[in-house]
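Student: Hey, got a minute to walk me through a model I just loaded? I'd like the sheet, the charges and the rings.

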Amino acid sequence: PADSGVTVQATPVNFSSNGVGAQTIMIVNIELNGTGSENYKIKNDATTVAVTCEITARPITIAGATATNRDYEAGNVYVEADVTFNNAIGTPTKGTDYTVTGEMDDANAGTDKTVTVTVTLTNGNYSLAANTTTTTVTINQIDPTTPTGLTGLKDKALSTVTLPDGWTWDTPATTMSTLGDQIFKASYAGSTNYKAKSNVDV
C-alpha cells in the first residue's frame, strides 16, 4: 500500500547530566514520517516519550607508573608514586579523581627496588578492572649518626671505649691522657643503608 513506509522517528537528545547514575529517564522527541504518515497519528497525539537510560562508569586502565627516588628512612616502606591512564577523558587529577600508594617489599636502601603501585579511584565516573602495577625506585644510603655520649678512663687506651656497631677508632692504641671532653677520629665501615665514612670527629 501507498503508506506502508510510515515510521516513527525518534530525535536523539542529550543527557541532562553526564555523571554515573545521575539520570535514569530521558525524554525523546518523536514524530511520524514517510509516505502516508498523514493518515496516522501517535496515540494521545504524543510528541515525546520517556525512555529509560543509564550512564555507566567509563572503563580505564593503568598505562604506566612512576615512583620518586628518596633517601633511606628507617622502617618506611612507602614512596611517592603516580600513574597515567588509558581511555580516560582528559587527564584525571591525583587527589581528586584517584589516590595512589607505592609500597616496597622492605625499607632498605638500594637501586631498582620493586614498588607495588596501588590505585584507588575516587571519581565514580571511571572504573578500573586492575588497580595495581609495578615500577622501580632508588633509595639512597644516608650518612651514619656520629656516636655521642661516650666516656673513657684517663690513661686508658682509646680501644677501651666501645663504639656502636660498624664504627672503629682510627688509632685505637691512643692513650686518653687528658681529662675533659676530647675529640678522636673514628670511621664507619658502611652498611646496606648507611654510607661509609672515615676520619670523623667523635
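Tutor: Let's go through the sheet first, then a buried arginine, the salt bridges, the rings and one loop.

Student: Sure. What should I know about the model and the numbering?

Tutor: It's a predicted model, where local features need pLDDT of at least 70 and side-chain atom pairs count only at pLDDT 80 or more, while totals for chains, interfaces and linings use all residues. Residues are numbered from 1 along each chain as its sequence is written, and side-chain values use heavy atoms, with hydrogens and water left out.

Student: OK, the sheet. What is the strand order?

Tutor: The order is 5-11-9-8-6, in an open sheet of 5 strands with mixed pairing. Strands here are DSSP runs of E with at least two residues, numbered from the N terminus, and two of them pair if DSSP finds at least two bridges between them.

Student: Which strands stand at the edges?

Tutor: Strand 5 (70–71) and strand 6 (78–79) do; each has a single partner strand, so one side of each is left without a neighbour in the sheet.

Student: And in which sense do strand 5 and strand 11 pair, parallel or antiparallel?

Tutor: Parallel, over 2 bridges, with strand 11 covering residues 132–140. R70 sits in strand 5, and its bridge partner in strand 11 is I139.

Student: Is R70 buried or exposed, then?

Tutor: R70 is buried, meaning under 20% relative accessible area (exposed is over 50%, partly exposed in between, with a 1.4 Å probe and protein chains only). R70 has no salt bridge, and the nearest side chain of opposite charge, E73, is 4.1 Å away. For charge, Lys and Arg count as positive and Asp and Glu as negative, with His and the chain ends not counted. A salt bridge needs a side-chain nitrogen of Lys or Arg within 4 Å of a carboxyl oxygen of Asp or Glu.

Student: What does the side chain of R70 have by way of a polar atom partner?

Tutor: A polar atom of the R70 side chain lies 2.9 Å from the backbone oxygen of N76. Leaving out residues up to four places away in sequence, R70 touches N76, V77, Y78, V79, M104, T138, I139 and N140, where contact means heavy atoms within 4.5 Å.

Student: How many salt bridges does the structure hold?

Tutor: There are 6 salt bridges. One of them joins D106 and K113, with the closest N and O atoms 2.8 Å apart. D106 is partly exposed at 32% relative accessibility, whereas K113 is buried at 13%.

Student: Which residues does D143 pair with?

Tutor: Among its partners is K195, with the closest N and O atoms 3.9 Å apart. D143 lies in the loop between strand 11 and strand 12 (167–169) and K195 in the loop between strand 13 (185–188) and strand 14 (197–201), so this pair ties together parts that are 52 residues apart in sequence. K197 also forms a salt bridge with D143, at 3.3 Å between the closest N and O atoms. K197 is in strand 14, so that pair ties together parts 54 residues apart in sequence. Salt bridges that share partners join D143, K195 and K197 into one network.

Student: How exposed are those three?

Tutor: D143 counts as partly exposed at 40% relative accessibility. K195 is partly exposed with 36%, and K197 is partly exposed with 34%.

Student: Switching to rings. How many aromatic pairs are there?

Tutor: The count comes to 4. The rule takes rings of Phe, Tyr and Trp (its six-membered ring) with centres within 6.5 Å; planes under 30 degrees apart count as stacked, over 60 as edge-to-face and the rest as tilted. W167 and Y188 form a tilted pair, 5.4 Å centre to centre with 50 degrees between the planes. W167 lies in strand 12 and Y188 in strand 13, so the pair ties together parts 21 residues apart in sequence. W167 and Y188 are both buried. In another pair, the rings of W169 and F184 have centres 6.3 Å apart and planes at 85 degrees, so the pair is edge-to-face.

Student: Are W169 and F184 buried or exposed?

Tutor: W169 is buried with a relative accessible area of 11%, and F184 is buried with 18%.

Student: Last one: where is N123 found?

Tutor: N123 is in the loop between strand 9 (110–121) and strand 10 (126–128). N123 counts as buried at 19% relative accessibility.

How values were computed. Helix = DSSP H or I, 4+ residues; strand = E, 2+ residues; numbered from the N terminus. Polar contact = N/O pair within 3.5 Å; in protein donor to acceptor, adjacent residues only side chain to side chain.
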